[in-house]
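This briefing covers charged pairs and one helix. Please keep the sequence and model open while reading.

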Amino acid sequence: MVLEILGLALINMEASISLKKIGKNVANKSILAGLSFGIEKGTITSILGPNDSGKSLLLKMIAGGISPDFGSIYINGNNISTGDRKLRLKIGYMPQYINLDDNLNILENLQFHGRIYEMEQKQIFERIDFLTETFHLKSLLYKFPGELSFGFLRKIIFVRTLLHDPSIILLDEPTISLDLNSKSRLWKYINEIKGEKTIIYSTQTLLEIDNIDERIIFLSNGKIVLDGTYKQLVNKTDNLYKFVLEFKNLNDKLFNDLSNNFMLIQSKRENNFFEFYGKDKDELFKVLKKVLNNNLIDFQINKVGLDTLFLNSTQE
């Protein structure tokens with residue numbers, strides 16, 4: 001794997017959130033498999049991965065909504081599975097789905113949430129006023145969920161997550177269905193509170209993680225395949241290239257000859273294309289000397305970026 005080439009190692013930190021050998025099976029399928037890592041207090045961590053990689057399940061378990069089948073999750077040294085209510089009050093969790101009460105208007109939904117989280121009435125109104133002003137939602141307070149678009153409901157869920165001023169904020173793909181202005185406000189606010197709060201958010205897109213230069217965890221098939229800051233991961237790709245050679249006919253003999261006689265990284269064949277990685281262009285020149293008179297049509301040199309690293313890390 002390209003990951004092994006780069007020598008990327010998992011980050012060990014003194015953590016306010018610790019996962020120790022977490023595993024979860026759904027319908028006899030292992031969704032999360034023996035995850036162990038820590039999240040440092042006051043940091044922002046993005047969980048990146050394709051569909052069904054276990055991102056949403058992981059956040060829901062940290063929130064205490066479901067229990068792992070094995071392993072333990074600790075918040076500030078306390079096991080979340082004990083059901084300690086004071087521990088749960090420290091967590092704000094934003095799911096992907098909309099779970100507002102359709103029989104209550106938006107103001108009543110937010111007030112109800114505040115009471116559940118043992119907020120005083122004065123604090124509830126102050127927080128609602130501040131957050132709905134910040135995210136331009138005041139005009140929606142007396143509307144009912146059924147009257148609003150999915151994008152507006154997602155913003156309401158985000159405000160509700162922040163309402164009780166939790167020290168740990170868990171956001172499951174928070175910008176789904178948001179317009180550009182709303183996304184900008186959301187990331188601006190998250191950047192303003194980082195350092196004060198411990199924030200974990202999930203996403204499927206690399207464009208999201210460029211907004212916040214902190215820790216990135218890549219999940220694939222329920223396992224961590226990459227772990228580092230944005231700069232660390234990008235810097236690790238500085239001297240890595242992807243080379244693609246196109247032949248008129250890439251037969252088995254030529255493919256095996258190239259694969260076995262050169263120290264190539266992750267070489268593979270797709271039809272008449274021969275692909276491999278290298279840490280400098282010398283590897284390409286060595287191969288070209290051998291194949292220039294051997295029905296070579298064309299070649300490509302591509303600098304490896306974080307997108308290539310991500311795609312490569314999620315392949316079997």
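A salt bridge here is a side-chain nitrogen of Lys or Arg within 4 Å of a carboxyl oxygen of Asp or Glu. The model is predicted. A search of the whole structure finds 10 salt bridges. Three of them are described below, followed by helix H6.

**A pair within one helix**

- Lys-122 bridges to Glu-126, and their closest N and O atoms are 2.5 Å apart.
- Both residues sit in helix H5, which covers residues 121–134.
- They are 4 residues apart, so about one helical turn separates them.
- An α-helix has 3.6 residues a turn, so residues three or four places apart point the same way.
- Lys-122 is exposed, because its relative accessibility is 59% and the cut-off for exposed is over 50%.
- Glu-126 is partly exposed, at 43% relative accessibility.

**A pair across distant parts of the chain**

- Asp-165 forms a salt bridge with Arg-127, with 3.9 Å between the closest N and O atoms.
- This pair links distant parts of the chain, 38 residues apart.
- Asp-165 belongs to the loop between helix H6 (150–163) and strand E7 (168–172), whereas Arg-127 belongs to helix H5.
- Asp-165 is partly exposed, with a relative accessible area of 40%.
- Arg-127 is buried, because its relative accessibility is 15% and buried means under 20%.
- Arg-127 and Asp-165 also join Lys-197 in a network of salt bridges.

**A helix-to-strand pair**

- Asp-252 and Arg-269 meet through their side chains in a salt bridge, at 2.8 Å from N to O.
- Asp-252 lies in helix H10 (residues 252–261) and Arg-269 in strand E12 (residues 265–270), so the bridge ties together parts 17 residues apart in sequence.
- Both partners are partly exposed: Asp-252 has a relative accessible area of 48%, and Arg-269 has 33%.

**Helix H6**

- H6 has 14 residues and reaches 20 Å from its first C-alpha to its last.
- That reach is close to the 20 Å expected at 1.5 Å a residue.
- H6 is mostly covered, with 12 of its 14 residues buried.
- Among the buried residues are Leu-153, Ile-156, Ile-157, Phe-158 and Val-159.
- The buried set also includes the charged residues Arg-154, Lys-155 and Arg-160.
- The buried residues of H6 pack against strand E6 (91–94), helix H4 (106–116), H5, E7 and helix H7 (180–193).
- After H6 comes Asp-165, which has a positive phi near 55°.
- Asp-165 is also the salt-bridge partner of Arg-127.

How values were computed:
Residues numbered from 1 in each chain as written. Predicted model: local features only at pLDDT ≥ 70, side-chain atom pairs only at ≥ 80, totals over all residues. Heavy atoms only, no water. Helix = DSSP H or I, 4+ residues; strand = E, 2+ residues; numbered from the N terminus. Buried < 20%, exposed > 50% of the residue type's maximum accessible area, 1.4 Å probe, protein only. Expected span 1.5 Å × (residues − 1). Contact = heavy atoms within 4.5 Å.
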